Amino acid sequence: MDLALAPETLARWQFGITTVYHFLFVPLTISLAALTAILETAWVRTGKEHYLRATKFWGKLFLINIAMGVVTGIVQEFQFGMNWSDYSRFVGDVFGAPLAFEALIAFFFESTFIGLWIFGWDKLPKKLHCATIWIVSIGTILSAYFIIAANAFMQHPVGYKIVERDGVKRAELTDFAKVLFQETALVNFFHVISAAILVGGAFMTGIAIVHLRKKRHIRTMRTSLRLGLVTAFVGTLLTVVSADTLGKVMYEQQPMKMSAAEALWESEKPAPFSIFAYGDVSEGHNKVAIEVPGVLSFLAKNNFHAEIPGINDLNKEAREKFGPGDYRPNIPTAYWSYRWMIGFGGVSMALCTAGLWLTRKKFWLAPEHRTGADEIPKLMLTKNRELAPRIGSWWWRLSQWTLIFPLIGTAWGWIFTETGRQPWVVYGVLRTEDAVSPGVSQGEVLTSLIGFTLIYAVLAVIEVRLLLKYVRQGPPELTEADLNPPTKIGGPGSGKGSDSDSDADADRPMAFSY
Amino acid sequence: MQLHDIWFVLIAVLWIGYFFLEGFDFGIGVLTKLLARNRVEKRVLINTIGPVWDGNEVWLLTAGGATFAAFPEWYATLFSGFYLPLLLILVCLIVRGVAFEYRAKRPEERWQTNWEHAIFWTSLIPAVMWGVAFGNIVRGVEIDAHKEYVGSFFDLLNPYAILGGLVTLTLFTFHGAVFASLKTVGDIRVRARKAALGLGLVTAVLALGFLLWTQADKGDGKSLIAMVVAVLALLGAIVAIKAGREGWSFALSGVTIAAAVAMLFLTLFPNVMPSSLNEEWSLTVTNASSSPYTLRIMTWCAVIATPVVLLYQGWTYWVFRKRIGTQHIADAAH
């Protein structure tokens, strides 16, 4: 059989496509849920209308996005059994529990309270309504935690033992707390959440700029711009710190992945950080390499002179430990996905950090340069000096165009960490080729691979066009009903015999309906 | 009773929860074509499940996740074995979720009618497929000594399983019609009751056939009790809807679903997936289960989390307790 069409290859492509696609909605959902919750809280506390308009605007984009996140997530729950049945049999005892926890604790939170939030505008008092979006937000974060803990077991298996049952070996759980709270899980979670914050911040900033550049909805969008920039800046700081921590943990646990990320073929002391490399995988060396000396040693070990093991040595070491075979991941994929992750994330980090400074309200700013709530902020370089308009207009434009750069970065990050672990599915314990479903035919996998890809492609077009429509439409005008939320649960007309429940109230159209 | 027996019961409970809840929202999806006379009525029906369908669907994800954790072999054999039917269900659930959320987000008529077709088909197909799947599980399929399904896709389309699919389709649609009569007001409520009556009778004939077949083939004393409860509850639900007691009827159609699913699980036990090739090769609660340590952790989680989930999901239904009629659908908010 042609290797390119081996069931394992097809199943991997399917898993890659469906998972990366699913994850495109995840960081945006995590951050937009929290940002919408923050905006609604601001409205509940201050009663200022532009906060409510912002809540409705960002809430709508959030809903369009989470709908896709939810439905593509269903595939994730079943795909292990469908395409990776030997994996499921081998690790189910360990891996199943966090997944079940995720469903029971996080998914129910998200899905139930999102219904309350969507349909609850005229059913719930505003504080309670605001609480529902916070619960959704907590649900999204919990969900991320459980699935990352499960993934951390694949990256760095702990808290298990191998047991033989009915003549078949499998991993059995011995310490659930270890699986849930091992360093790999904590640091990975920290990194994913930080990146999600950056994703949401850059997204909000970019869309706010779309309107500000056209001088529309200035009040709401100015608030959104500041919130977006602050969020992106917080995300930037956390992402940098978590990336550094994660890099060091990974060098301890999976040196092969990290050396592949640097195309560091031979062990070096000190090791350089690669800017560009072009090499020959079969011969095991680079032909062209642009490098910064010592930096990799520092990133990996906090020491500019530490020795870093190279791919060729690590491969030899692995052969001695696990027997003959090639223990290298796909090096160009690891090398470039790592760079795309950093590159796409880095661009937005720089733009948003600059923007946070340039659009500041009062700090180190002469009073005559301060702008009001209904004006577009000036880009101020120093106390009295405005950024040259030509450069300034580029900041506006670039920050708008790069609004999904961090999102692309997170996708590359997952591609890196998952392909970089190959040929293992559970590092050092189970090979990917031994994890695939033996009973599922090539034709079946091909059917589902093509089916999912086509449907996902169509849905992507629909989703993006819908997002664009609502982005262009801008924040909605508020109605009487919006400004007078119900004071009791259930809304008007649902009680029995109270004075306020006139027939007119009972027949009032729903504030939201499908 | 050992931990893996408890988990067998808990998995059954999760499927009962799923079919009880998503049962009526599948039913509502099918009824959008059978019951609604115009676009506004369609929207009335869709909005009766609007705030809750997503939460209902999580019962499936939980059943899937819990099976993975408590019976990894069952999860692996079932999902890889029933690959294509499951794929079809997944595709339907994907499109269905998007259809609910996106249908009203553009005013164009074509956009909306396309999503309405989608809602109908993606409710109908899984409603049938789940019956087919469970029919096959109970009947037993070709599982080899390595716990792998070795039959083909077409082996799954046998008369017993197809009858099972028709039963779930009609039962869910009946359950949905009763739910519609309970949640709507005006003309559509009257028609929902009438439709429920007709659907109830069709369901009764099919369900009786399927359950008797099951009992004759696999049944014992316990499953007979469950069967009798299911049949009596179904008849009670039909009588209640005729008498205009919508709440009672809904409770009883729920009991029908619960008792019928319980019956299927009772006939399975202690197997979880019987092999039709060799009884020795069947997956059982013992040879398919996780270790006692994992099951203990899972039990703690289930014991604490499930009541909380029931509490807040129940509260959601109370918040949206008001009936919906055509007057509640704003013209502007297409």
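This report walks through a predicted model of two protein chains, A and B, from their overall build to their contact and a few aromatic and charged residues.

**The two chains**

Let's start with chain A. Its secondary structure adds up to 16 helices and six strands. The radius of gyration is 26 Å, and for 514 residues a compact globule would come out near 24 Å, so chain A agrees with that expectation. Laid along its principal axes, the C-alpha trace of chain A spans about 80 × 60 × 40 Å. As for what is tucked away, 57% of the 514 residues of chain A count as buried.

Chain B has 11 helices and two strands. Reading from the N terminus, the elements of chain B go α-α-α-α-α-α-α-α-α-α-β-β-α, which puts ten helices ahead of the two strands and one helix after them. For its 334 residues, the compact-globule value is near 20 Å, and chain B has 20 Å, which agrees. The C-alpha atoms of chain B fit a box of roughly 60 × 40 × 40 Å along the principal axes.

Here are a few per-chain values side by side:

| Chain | Buried residues | Share of contacts (separation 6 or more) that are 24 or more positions apart | Exposed area | Carbon and sulfur share of exposed area |
|---|---|---|---|---|
| Chain A | 57% of 514 residues | 74% | about 21100 Å² | 63% |
| Chain B | 65% of 334 residues | 79% | about 11900 Å² | 70% |

**Where the chains meet**

How many residues of chain A are in contact with chain B? The count is 85 residues of chain A, touching 79 residues of chain B. The size of an interface is often given as the accessible area lost when the parts come together. By that yardstick, chain A and chain B bury about 7100 Å² between them, and 69% of that area is on carbon and sulfur atoms. On the chain A side, three residues stand out: Phe78(A), Arg89(A) and Tyr514(A) supply 14% of the area that chain A buries against chain B, more than any other three residues.

**Aromatic pairs**

There are 69 aromatic pairs over all chains of the structure. One of them joins Trp340(A) and Phe344(A): the ring centres are 5.9 Å apart and the planes sit at 45 degrees. Why is this pair called tilted? An angle under 30 degrees would make it stacked and one over 60 would make it edge-to-face, so 45 degrees leaves it as tilted. Both residues belong to helix α11 (residues 331-358) of chain A, and because they are four residues apart, about one helical turn separates them. Their surroundings are worth a look too: Trp340(A) is partly exposed at 40% relative accessible area, while Phe344(A) has 17% and counts as buried.

Phe452(A) and Tyr456(A) form another tilted pair, with 5.9 Å from centre to centre and 45 degrees between the planes. These two lie in helix α14 (residues 442-473) of chain A, again four residues apart, or about one turn of the helix. Phe452(A) is buried at 2% relative accessibility, and Tyr456(A) is buried with a relative accessible area of 2%.

Over in chain B, ring pairs tie a set of residues into a cluster, among them Phe8(B), Trp15(B), Tyr18(B), Trp130(B) and Phe269(B).

**Arginines to look at**

Two arginines of chain A sit over rings. The charged end of Arg339(A) is over the ring of Tyr335(A), 3.8 Å from its centre. Arg397(A) lies over the face of Trp394(A), at 4.8 Å from the ring centre.

Arg216(A) is found in the loop between α6 (183-213) and α7 (218-253) of chain A. With 29% relative accessibility, Arg216(A) counts as partly exposed. Leaving out residues up to four places away in sequence, Arg216(A) touches His211(A), Met221(A) and Arg472(A). Its C-alpha atom is 16 Å from that of Leu478(A), a residue 262 positions away along the chain.

Is Arg110(B) buried or exposed? Arg110(B) has 66% relative accessibility, so it counts as exposed. Arg110(B) lies in helix α6 (residues 109-139) of chain B. From Arg110(B) to Tyr312(B) it is 202 residues in sequence and 37 Å in space, C-alpha to C-alpha.

Technical notes:
Residues are numbered from 1 along each chain as its sequence is written. Chains are lettered from A and ligands numbered from 1 in the order in which they are written. This is a predicted model: local features need pLDDT of at least 70, side-chain atom pairs count only at pLDDT 80 or more; totals for chains, interfaces and linings use all residues. Side-chain values use heavy atoms; hydrogens and water are left out. Rings of Phe, Tyr and Trp (its six-membered ring) pair if their centres lie within 6.5 Å; planes under 30 degrees apart count as stacked, over 60 as edge-to-face and the rest as tilted. Buried means under 20% relative accessible area, exposed over 50%, partly exposed in between (1.4 Å probe, protein chains only). A charge sits over a ring if NZ of Lys or CZ of Arg is within 6 Å of the ring centre and within 35 degrees of the ring normal. The radius of gyration is taken over C-alpha atoms; the globule rule is 2.2 Å times the number of residues to the power 0.38. Contact means heavy atoms within 4.5 Å. Accessible areas come from the Shrake-Rupley method with a 1.4 Å probe; for residues, only the protein chains shown count as cover. Buried area is the accessible area (1.4 Å probe) that two parts lose on being put together, summed over both.
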